[in-house]
Amino acid sequence: MSTREPLSAFCILQDSRAARKKKNTLDVNDEIPIAGKLVLITGSNSGIGAAAALELAKRGARLLMPNRDMKKAQDVADSIKAKVPEADLTLLPLDLGDLDSVRGCAAEVRRLVPRIDVLINNAGIQGHESTLNKTKHGFESNMGVNYLGPFLFTNLLLDLVVAAGPGARILFTASALYQAASLQLDDIMLEKKGSFGSGNLGPYGNSKLANMYNAYSLSKRLAGKGVNTYALDPGPVKTDLRRDAKGIIAKIAAPIANMVMSEPEEGAEAILYCALSNKCAGETGLMYRCNGLWEGAMEGAVDEAAAEKL
Ligand SMILES: NC(=O)c1ccc[n+]([C@@H]2O[C@H](COP(=O)([O-])OP(=O)(O)OC[C@H]3O[C@@H](n4cnc5c(N)ncnc54)[C@H](OP(=O)(O)O)[C@@H]3O)[C@@H](O)[C@H]2O)c1
């Protein structure tokens, strides 16, 4: 299995930053009306998810906000309410690293609402472990939290999205670091020797590439049902994502990367584009970055047979 050096990861960040500069800002006059519609967004208690939740609340969306840390979720909800007093926010507990919690949260969502107009799988981790770290049910942590949890959650809620009717959307926050992936279907839990090491973003990249596979496969499964799927890269953004970084990443790569990183509000634009833009209303199963289609990314990254198998 090949891995990328930190320098390659930095090049990916630079490229991502350069792509952002070429894009126009979000066109709020070209959005589908979202007022009164149901939007579920995971990982809204910080970073890009919190910024996106605020913008969706401003536009009048009814928000379901499943989060792991409920104290942080309440703080974000309070700050949204302070800015948008009429915001309709429902907080729910969800730990994507615990499949029992995923099932419980999906059951609670089903109890609360008959449909979901936009399902945004945003929550994620960037594990920097130098050895294999596992979720509660024994899955490699990046793959477990970023791919398997959202995969199960989305499947348990799929009929509610279909029930929303034509125009419903499912989003997956992937990453430009899918380019650091070395996904091998016979070792997706990375139990083979040499999969981990300082500065190795392969495990995170694998989980994000798997999100792209998921968006692609779901677009095929949902063909004719009026539901579109989108994978997206928010660009390099200053958030808590690298909170567990140690060694070379924490000391060298992260501080350098911080110099070219965007604010969470800018990162949220990629979510808002895929959730709301009329420009992508006729597209499905593709990859986006900043405020537009990332041309060729999905086609270049996804192997159709592997996507089906995964
Ligand atoms: N920042 C970037 O440069 C960048 C670039 C490309 C892609 N992304 C992606 O963007 C998404 C948002 O990340 P961010 O940058 O905004 O970082 P962040 O501020 O750390 O947000 C991550 C969110 O995911 C939640 N989360 C983590 N583990 C969870 C679990 N087991 N169950 C449920 N929720 C969990 C976090 O909640 P807790 O507080 O409970 O941990 C938090 O709300 C992630 O999918 C990330 O991979 C970020």
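Me: How many residues surround the ligand, and which are the closest?
Reply: This is a predicted model. In it, 29 residues surround the ligand. The closest are Gly-43, Gly-47, Arg-68, Gly-124 and Thr-239.

Me: Which helix gives the most to the shell around the ligand?
Reply: Helix H2, residues 47-58. Three residues of the shell come from H2.

Me: How do the residues of the shell divide into nonpolar, polar and charged?
Reply: Thirteen is the polar count: 13 polar residues, beside ten nonpolar and six charged.

Me: Now the whole chain. How many helices and strands does the protein chain have?
Reply: Ten helices and eight strands. The radius of gyration is 18 Å, and the globule rule gives 19 Å for 310 residues, so the chain is as compact as a globular protein of that length. Along the principal axes, the C-alpha atoms fill a box of roughly 50 × 40 × 40 Å.

Me: What share of the residues is buried?
Reply: Buried residues account for 50% of the 310. Look at the contacts too. Of those between residues at least 6 apart in sequence, 78% join residues at least 24 apart.

Me: How should I read the sheet? In what order do the eight strands run?
Reply: Start with the general idea. Strands of a sheet pair through backbone hydrogen bonds, either parallel or antiparallel. Here the sheet is open, with mixed pairing, and the order is E3-E2-E1-E4-E5-E6-E7-E8.

Me: Which are the edge strands?
Reply: Strand E3 (88-93) and strand E8 (292-293). Each pairs on one side only.

Me: In what sense do E2 and E3 pair, parallel or antiparallel?
Reply: Parallel, over six bridges, with E2 spanning residues 62-67. Take one bridge as an example: Asn-67 has Pro-93 of E3 as its partner.

Me: Which strands does helix H5 lie across?
Reply: H5 (residues 141-163) lies across strand E4 (118-121), strand E5 (168-173) and strand E6 (227-233). Its angle to E4 is about 175 degrees.

Me: Let us end on one residue. Where is Cys-105 found?
Reply: In helix H4, residues 99-112.

Me: Why does Cys-105 count as buried?
Reply: Count C-beta neighbours. The cut-off for buried is 20 or more within 10 Å. Cys-105 has 25 inside 10 Å, so Cys-105 counts as buried.

Me: Which residues is Cys-105 in contact with, leaving aside neighbours within four places in sequence?
Reply: Pro-66, Leu-92, Pro-93 and Leu-94. Consider Leu-156 as well. Cys-105 and Leu-156 are 51 residues apart along the chain, and their C-alpha atoms are separated by 9.8 Å.

Conventions:
Residues are numbered from 1 along each chain as its sequence is written. This is a predicted model: local features need pLDDT of at least 70, side-chain atom pairs count only at pLDDT 80 or more; totals for chains, interfaces and linings use all residues. Helices (H or I, at least four residues) and strands (E, at least two) are DSSP runs, numbered from the N terminus. The radius of gyration is taken over C-alpha atoms; the globule rule is 2.2 Å times the number of residues to the power 0.38. A residue is buried if 20 or more other C-beta atoms lie within 10 Å of its own, exposed if 12 or fewer, and partly exposed in between; C-beta atoms are placed from the backbone. Two residues are in contact if their C-beta atoms, placed from the backbone, lie within 7 Å. A residue is near a molecule or strand if its C-beta atom, placed from the backbone, lies within 6 Å of it. Ala, Val, Leu, Ile, Met, Phe, Trp, Tyr, Cys and Pro count as nonpolar, Asp, Glu, Lys and Arg as charged, and the others, Gly among them, as polar. Two strands pair if DSSP finds at least two bridges between them. Axes are lines fitted to C-alpha atoms, for helices over the stretch in contact, and angles run from 0 to 180 degrees between N-to-C directions.
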